Amino acid sequence: MNDLLTRRQVLGGMGILGLGLLAGCDGSTTALNFKYGKDLSNEIRGRTFKLTDTEGETKTLSSFRGLMPMVFFGFTQCPSVCPTALARAAQIKKIMGEDGKTLQVIFITVDPERDTPQVLDAYVKQFDPSFVALRGTLEQTKQVAKEFGVFYEKEPIGDTYTMSHTATSFVFDSRGNLRLGLSPSLSAKQCAEDLLTVMEVC
Amino acid sequence: MTALFTKAVSRSLLAVSLLAGVSLSAMAQTRVDDAWVRTTVPGQPSSGAFMRITADADSKLLSVASPVASNVQIHQMSMTNDVMHMGPVDAVALPAGKTVALDPEGYHVMLMGLSGQIKEGDQVPLTLTVENDKGVRETLQVTAPARTMKESMDMGHDHGMAH
């Protein structure tokens with residue numbers, strides 16, 4: 001009896017949420033067909049990070065629930081790929097118009113030793129005031145990179161250093177499921193198209 | 001006697017080639033176009049400078065100096081499987097007549113140890129040292145305006161990193 005009821009409830013729920021279920025909004029992550037980016041629906045990455053924002057508040061993936069987080073790893077002294085990716089993200093937001101409001105750009109520094117919260121905050125906000133920068137200790141940074149499968153490494157130059165790192169932008173749906181990897185070679189327009197596909201799902 | 005004569009000839013030949021070298025260096029020209037420097041936010045200690053260089057003889061860019069930075073280096077960015085690699089290079093080859101771009105997608109000039117914030121509209125002096133295949137060096141003075149990343153994207157870089 002109890003089992004039956006449960007089953008009926010589930011079936012009823014399916015009727016109401018049918019569309020959502022088919023589209024994968026039940027938490028399962030059916031593969032998506034992206035035109036330009038890489039489908040990461042079956043990869044479990046970046047779920048448990050705990051980092052600090054520039055206001056000193058602790059942030060996890062669930063802090064951004066309901067939004068479509070786009071995570072990029074970089075450092076503020078990066079001369080090329082980081083500013084290019086962030087400027088592209090700002091363009092994507094513009095292209096998406098109203099829909100772009102759910103896009104939450106998150107910049108995670110791989111250089112917490114030099115990227116102070118003040119510099120990070122000013123740095124990301126010059127691209128768009130809605131962009132968020134996160135920072136961890138050296139150990140937390142190592143952890144979060146590992147969790148995302150992101151490579152980063154110091155390249156010593158004299159008494160200073162620059163950094164090499166993965167330049168993929170990782171996109172989660174509004175339920176916190178990783179969905180899409182965007183290569184730095186894609187244009188803002190191409191990215192925006194794939195992001196709309198993520199939005200259709202959740 | 002013969003040896004002496006040969007010596008004299010070779011000496012004059014040396015003088016001629018030296019003269020030729022001088023006139024060549026006077027003629028050798030390297031052009032720099034569209035130089036710009038990226039603006040920084042307060043406290044950001046480094047930035048990048050970008051430009052297009054065209055040398056009329058096979059040459060190489062050896063170094064860049066600027067009064068706004070204590071350490072200026074030429075770096076190369078390369079992308080392998082979406083991993084960005086960065087590192088200094090000894091020189092950038094400038095093949096005769098070919099325009100070489102120093103842009104966010106390849107070679108660029110790193111300005112490290114900045115003396116202050118680089119603001120929009122600032123004019124940043126750069127001194128380039130170029131050496132041609134004869135070993136003759138020339139220095140070029142360039143003034144690069146500071147641009148925000150957004151501005152530089154608006155100027156025709158909305159196609160992503162790949163050409």
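A residue counts as buried if 20 or more other C-beta atoms lie within 10 Å of its own. By that rule, buried residues make up 44% of the 202 residues in chain A. The model on screen is predicted.

**Stop 1: chain A as a whole.** Select chain A and show it as a cartoon. Five helices and 10 strands should appear. Among contacts in chain A with a separation of 6 or more, 68% are between residues 24 or more positions apart.

**Stop 2: the cores.** Select Met70(A), Leu86(A), Phe107(A), Val124(A), Val171(A) and Leu195(A). These belong to the largest nonpolar core, which has 57 residues, and they touch the most other members. Next colour residues 81-96 of chain A, which form helix α2; this helix gives the most to the core, with nine residues. Which residues is Leu195(A) in contact with, leaving aside its neighbours within four places in sequence? They are Met68(A), Ile92(A), Met96(A), Leu103(A) and Val171(A). A second core, separate from this one, has 26 residues, including Val32(B), Ala69(B), Ile74(B) and Val124(B).

**Stop 3: helix α4 of chain A.** Select residues 138-148 of chain A. The buried residues here are Thr141(A), Val144(A), Ala145(A) and Phe148(A). They lie on the same side of α4(A), because they cover an arc of only 100° around the axis. An α-helix has 3.6 residues a turn, so residues three or four places apart point the same way. Now turn to the face away from the buried side: the exposed residues Glu139(A) and Lys146(A) are there. What covers the buried residues of α4(A)? The cover includes five strands of chain A: β2 (50-53), β4 (68-74), β5 (103-109), β7 (152-157) and β9 (169-172). After the helix comes Gly149(A), with a positive phi near 70°.

**Stop 4: strand β2 of chain A and its partners.** Keep β2(A) selected and add β3(A). The two run antiparallel and are joined by three bridges. Lys50(A) of this pair stands opposite Thr60(A) in β3(A). Four residues lie between the strands of this hairpin, where Gly56(A) has a positive phi near 90°. Then add residues 132-135 of chain A, which are strand β6; β2(A) pairs with β6(A) in the antiparallel sense over two bridges. Here Asp53(A) has Leu134(A) as its bridge partner.

**Stop 5: Lys59(A).** This residue is found in strand β3 (residues 58-60) of chain A. Is Lys59(A) buried, exposed or partly exposed? Lys59(A) has 17 other C-beta atoms within 10 Å, so it is partly exposed. Not counting residues up to four places away in sequence, Lys59(A) touches Leu51(A), Asp53(A) and Leu134(A). Leu134(A) is 75 residues from Lys59(A) along the chain, yet their C-alpha atoms are separated by 7.9 Å.

**Stop 6: where the chains touch.** Show both chains. The contact takes 35 residues from chain A and 34 residues from chain B. On chain B, at least two residues each come from β2 (46-55), β4 (69-80), β5 (83-88), β8 (107-114) and α2 (149-154). The largest share of that side, six residues, comes from β5(B). Sorted by class, the side of chain B that touches chain A has 16 nonpolar, 13 polar and five charged residues. Finish by selecting β5(B) together with residues 160-166 of chain A, which form strand β8. These two strands pair in the antiparallel sense over two bridges. In this pair, His165(A) stands opposite Met84(B).

Definitions and conventions. Residues are numbered from 1 along each chain as its sequence is written. Chains are lettered from A and ligands numbered from 1 in the order in which they are written. This is a predicted model: local features need pLDDT of at least 70, side-chain atom pairs count only at pLDDT 80 or more; totals for chains, interfaces and linings use all residues. A nonpolar core is a set of buried Ala, Val, Leu, Ile, Met, Phe, Trp, Tyr and Cys residues joined through C-beta atoms within 7 Å. A residue is buried if 20 or more other C-beta atoms lie within 10 Å of its own, exposed if 12 or fewer, and partly exposed in between; C-beta atoms are placed from the backbone. Two residues are in contact if their C-beta atoms, placed from the backbone, lie within 7 Å. Ala, Val, Leu, Ile, Met, Phe, Trp, Tyr, Cys and Pro count as nonpolar, Asp, Glu, Lys and Arg as charged, and the others, Gly among them, as polar. Two strands pair if DSSP finds at least two bridges between them. The arc is that of the directions from the helix axis to the C-beta atoms.
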